[in-house]
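Colleague: I am new to this one. Could you show it to me and let me ask how each label was reached?

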Amino acid sequence: MRRVKAFLAFCYDFVIGDDWTVAVAVAVALAITYAVSKTSVPAWWIVPTSTAVIFPLSLRRATRRG
Amino acid sequence: MNSGALFLAVFLACAVEAVEATTIVLAAGTARDWRSALVGVASGLAVLAVVIAALGPALSAIPLRSLRLFVGALLLIFGLQWLRKAVLRASGHKALHDEDKIFREQLAAARAADNRSVGLVGDWYAFTLSFKGVVLEGLEVAFIALTFGSNQHDIPLAALAAVSAVLVVVVVGVAVRAPLSRVPENTMKFAVGVMLISFGTFWGAEGAGARWPGSDAALLVLVPAVALFGLALVAVSKPSAPHRIASTPPTSPTSPQAGF
């Protein structure tokens, strides 16, 4: 059980890293892109715009944590 | 553009991680036992080979659009992590990766550890230190090489870039027999972060159904835009001099890591 927990913790750290909000924001941005792509509205700008918003916020949190 | 970017991204990512792994293996070999350390390296490489052999065909079997969505999301998350670290180091919020300091710390820890032999391995500590170093530093790179390669339908080129980077680092490491502290690791990390974010954004959005204006040519705008955004964040994030962290090694304007 301890090894399974350690493996899951490793996977989480490997994929998600030290700021889970970034991973959530990427997933949400891609989901919105998918939804918008089903309409006639262009959807390519959603991921870059989300990244441009979430990245400075993540950076700010990291600098405040020290 | 795509093949060149694929080679560059995988080469730089692999070189950065290889430098870090080399420091660990050097410490294990110098302080403990070279034979056990090298067995650890060989075992680590074997584990990575198994992971690549298992993941490679699995990725090739996924339909292209789903692959781009999955891989794009992961590359974007990885890229944001790499670039965040690079920006934090470049702006002075985090100490630059100091291979000399890491080498000294690993050396001291290795000298203090007990000696224990297990099976054919004469020094278990040297073995596990090298093994963990190679596997942990190599796993992310193996993943980047595989995902980039499979998306570009050119895994051999990704593999060539990865092997070239490891060979260059190992040859230089063996030649100088010291940690490769002059390698501009943070600049390389910044460049890899930019590539991963650009390609992750492009493939992720495309996999989710978006159509990029200009198709592949959109990457010619995305890559420099992400790089400029990262550089702007470095400039904006730089704290005033008294608040800079004390452990950041001084960098002269001519230093390979100056500014990064």
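Colleague: How do the axes of α5(B) and helix α6 (residues 155-176) of chain B cross, and within what distance do they come?

Modeller: They come within 7 Å and cross at roughly 150°. The axes are lines fitted to C-alpha atoms, for helices over the stretch in contact, and angles run from 0 to 180 degrees between N-to-C directions. A word of caution: this is a predicted model, where local features need pLDDT of at least 70, side-chain atom pairs count only at pLDDT 80 or more, and totals for chains, interfaces and linings use all residues. Residues are numbered from 1 along each chain as its sequence is written, while chains are lettered from A and ligands numbered from 1 in the order in which they are written.

Colleague: Why is α5(B) called roughly antiparallel to α6(B)?

Modeller: Angles under 35 degrees count as roughly parallel, over 145 as roughly antiparallel, 65 to 115 as roughly perpendicular and the rest as oblique. The angle here is roughly 150°, so α5(B) is roughly antiparallel to α6(B).

Colleague: Which residues in α5(B) and α6(B) meet?

Modeller: Among them, Val141(B), Ala145(B) and Leu146(B) in α5(B) meet residues of α6(B) including Ile155(B), Leu157(B) and Ala158(B). Contact requires C-beta atoms, placed from the backbone, within 7 Å. By class, this contact has nine nonpolar, two polar and no charged residues. Ala, Val, Leu, Ile, Met, Phe, Trp, Tyr, Cys and Pro count as nonpolar, Asp, Glu, Lys and Arg as charged, and the others, Gly among them, as polar.

Colleague: What makes α7(B) and α8(B) oblique to each other?

Modeller: Helix α7 (residues 185-207) of chain B and helix α8 (residues 218-237) of chain B cross at roughly 135°, with axes that come within 9 Å. That value falls in none of the three named ranges, so α7(B) and α8(B) are oblique. The residues of their contact divide into 10 nonpolar, four polar and no charged.

Colleague: What lies in the loop between α7 and α8 of chain B, and why is Ser215(B) called exposed?

Modeller: Ser215(B) sits in that loop. Its phi is positive, about 55°, although Ser215(B) is not a glycine. A residue is buried if 20 or more other C-beta atoms, placed from the backbone, lie within 10 Å of its own, exposed if 12 or fewer, and partly exposed in between. Ser215(B) has 10, so it is exposed.

Colleague: How do you know that α1(B) is largely enclosed by the rest of the structure?

Modeller: Of its 30 residues, 24 are buried, so α1(B) is largely enclosed.

Colleague: What span should helix α1 (residues 2-31) of chain B have, and how far apart are its end C-alpha atoms?

Modeller: The expected span is 1.5 Å times one less than the number of residues. For α1(B) that gives 44 Å; the end C-alpha atoms are 43 Å apart, which agrees. Helix α2 (residues 34-61) of chain B should span 40 Å, and its ends are 41 Å apart, which also agrees.

Colleague: How many helices and strands does chain B have?

Modeller: Eight helices and zero strands. Helices (H or I, at least four residues) and strands (E, at least two) are DSSP runs, numbered from the N terminus. Of the 260 residues of chain B, 48% count as buried.

Colleague: How many residues of chain A are in contact with chain B?

Modeller: 23 residues of chain A are in contact with 24 residues of chain B. On the side of chain A, α3(A) gives the largest share, 10 residues.

Notes
Two residues are in contact if their C-beta atoms, placed from the backbone, lie within 7 Å.
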